[in-house]
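Please open the model in your viewer and keep the sequence panel beside it. The tour below goes from one selection to the next and says what can be found at each stop.

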Amino acid sequence: MSKLVDDAVCDYFSLLLSEPVNQQSASKNSLTLATLNIDELTRKTDEKLTRQSLEELFANSARNKQQPEYEVVQAIKSDIVVASDSQIPSEADVDTSQINTSHSASTSINEQAMIVAEVTSEKQSHTSVSQEGDLVSTQTLLERLDEEFQVLFFKVAGLTLAVPLVSLGGIINLEKLTPLIGRPKWYMGAQQHRGSQLNVVDTCAWVMPEKYTNALAEQVTYQYVVALENSQWGLSCEALVDTITVKKSEVNWRNHAGKRPWLAGVVKKQMCGILNVDALIQMLSAGLGYQDTIPEQPR
Amino acid sequence: MTSSNSVAAAAGNNEDVVLQWVTFKLDNETYGINVMQVQEVLRYTEIAPVPGAPHYVLGIINLRGNVVTVIDTRSRFGLASADVNDSTRIVIIEAEKQVIGILVDSVAEVVYLRRSEIDNAPNVGTEESAKFIQGVSNRDNELLILVDLDKLLSDEEWMELTQI
């Protein structure tokens, strides 16, 4: 199963690298003309911008590729189109939006590729989560989840992330934030929520700080806060995509904390990271960055 | 107001004391300091710079014959500097057995907060200014940031002030 995921990911990016410009159009009947134009321009720009990094990322990928899983490809492309569409307020802004969207989408693809690459490289036996060295909190998450469970997909700077609903504390409109002095760049501020304070994280700054340039920061328009369980932490996001039911077997679970303990795995079909909310809360509360490791806890 | 800063909030709950905080504004955010540490609030008066003083010291003022060092609060909090205007105040405080002044954008009011109404600030951030915040509290749909004046300066810096 995990090999199939490797292949699917590899095929997706291979297709992205080699796909002729006029090949994709079938599933976008409902989109507006402006969106189609943006989508096409986005795709063209993405091909240019991501070609080099993706070639590097997948230089050593398996050679025995199967036919591309068109459904996976379309799903990811649709995500990009949704992001593009949401960022275009009117036709008058199309030119600017095209540039912005291209940047954002290419960033998200790179980041998504990084997440997927890490997951695929670290996994050895994705179902044997009880091995020595497993993330305790990942195991805890798996124990909490039914065989089928619901996840919420949300977007930030074109990157799609998933959070299991059992770990979702709520979704709140982003309102007035009170910045606190001396906090890291990723700490946006505290927002009042139900008579208490909710610490809002600049998700993009935390998840991909190396790509979070001032230019990208200006493009990101956060609208919601995804509250994490019962904690006082919430992730800012630009858009809520969907809630779907997935099976445990449809997630490529990570066996090791690796560089991203907050990442529980990858939802195979959507090819997006699923959050290990417990670990994420631990990390945020400790002021850790996205690649820091959680200090080991006595077993 | 009672003779002491805190009063028992309820007969059945002696722990939940009420504390008074003087609130001031800095960069459009509201901060609170323990009223017991506030001696007085002055309108802005000319601050005489002191050559060779630490960067966080704006200078000194003459307060009824006493020399008081004024701290650049904005700089200390990592905020951009701002022009002095009619609302600018110098709050004279006592901390670490020293009397100093802190320059603020404006002084608002004295508020009463139960201890239970004070939340911990997230313990993240390695910058020194992160230590200044001892808690936050929701009040009138606004977050009040409570400042620990004793931690405004390090031990060495408090010592340094005595030698200005």
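What follows is a walk through a predicted model, beginning with one chain, crossing to its partner and ending with single residues.

**Chain B as a whole**

Select chain B and colour it by secondary structure, which brings up two helices and ten strands. Followed from the N terminus, the elements come in the order β-β-β-β-β-α-β-β-β-β-β-α. Of the 164 residues in this chain, 47% count as buried. If you compute a contact map and keep the pairs in chain B with a separation of 6 or more, 57% of those contacts are made by residues 24 or more positions apart.

**A hairpin in chain B**

Next select residues 133–139 of chain B, which make up strand S9, a mostly covered strand in which five of the seven residues are buried. Add residues 142–147, strand S10 of chain B, and you have an antiparallel pairing of S9(B) with S10(B) that runs over six bridges. For one point of reference along this pairing, label Ile133(B), which stands opposite Val147(B) in S10(B). The two strands form a hairpin with two residues between them, and Asp140(B), in the turn, has a positive phi of about 50°.

**Where the chains meet**

Now show both chains and select the contact between them, to which chain B gives 23 residues and chain A gives 22 residues. About 1,700 Å² is buried between chain B and chain A, with 57% of it on carbon and sulfur atoms. How many salt bridges are there between chain B and chain A? The count is one, and to see it you should display the side chains of Lys176(A) and Glu29(B), which meet at 4.0 Å, N to O. On the side of chain B that touches chain A, the elements giving two or more residues are strand S2 (29–34), S9 and S10 of chain B, so named here that you can return to the hairpin just visited. Across this interface there are also three residue pairs in polar contact, both residues being at pLDDT 80 or more.

**Tyr187 of chain A**

Move to Tyr187(A), which lies in strand S4 (residues 187–193) of chain A. This residue counts as buried because its relative accessibility is 6%, under the 20% cut-off. Beyond its neighbours within four places in sequence, Tyr187(A) is in contact with Leu180(A), Asn199(A), Val200(A) and Trp233(A), and also with Pro122(B) and Val124(B). With Asn199(A) there is a polar contact of 2.6 Å between the side chains. Asp202(A) is worth adding to the selection, since Tyr187(A) and Asp202(A) are 15 residues apart in sequence but 6.0 Å apart in space, C-alpha to C-alpha.

**Lys155 of chain A**

Then centre on Lys155(A), found in strand S1 (residues 148–156) of chain A. Is this lysine buried or exposed? Lys155(A) is buried, with a relative accessible area of 3%, and its side chain is joined to that of Thr160(A) by a polar contact of 3.0 Å.

**Helix H8 and two cysteines**

Select residues 277–285 of chain A, helix H8, where Val277(A), Ala279(A), Leu280(A), Ile281(A), Met283(A) and Leu284(A) are buried. Just after H8(A), Gly287(A) takes a positive phi of about 70°. Finally, pick out Cys204(A), buried at 0% relative accessibility, and Cys237(A), likewise buried at 0%; the count of disulfides over all chains is zero.

Conventions. Residues are numbered from 1 along each chain as its sequence is written. Chains are lettered from A and ligands numbered from 1 in the order in which they are written. Side-chain values use heavy atoms; hydrogens and water are left out. Buried means under 20% relative accessible area, exposed over 50%, partly exposed in between (1.4 Å probe, protein chains only). Helices (H or I, at least four residues) and strands (E, at least two) are DSSP runs, numbered from the N terminus. Two strands pair if DSSP finds at least two bridges between them. A disulfide is a pair of cysteine sulfur atoms within 2.5 Å. Contact means heavy atoms within 4.5 Å. Buried area is the accessible area (1.4 Å probe) that two parts lose on being put together, summed over both. A polar contact is a pair of N or O atoms within 3.5 Å; within protein, one must be able to donate a hydrogen and the other to accept it, and residues adjacent in sequence count only if both atoms are side-chain atoms.
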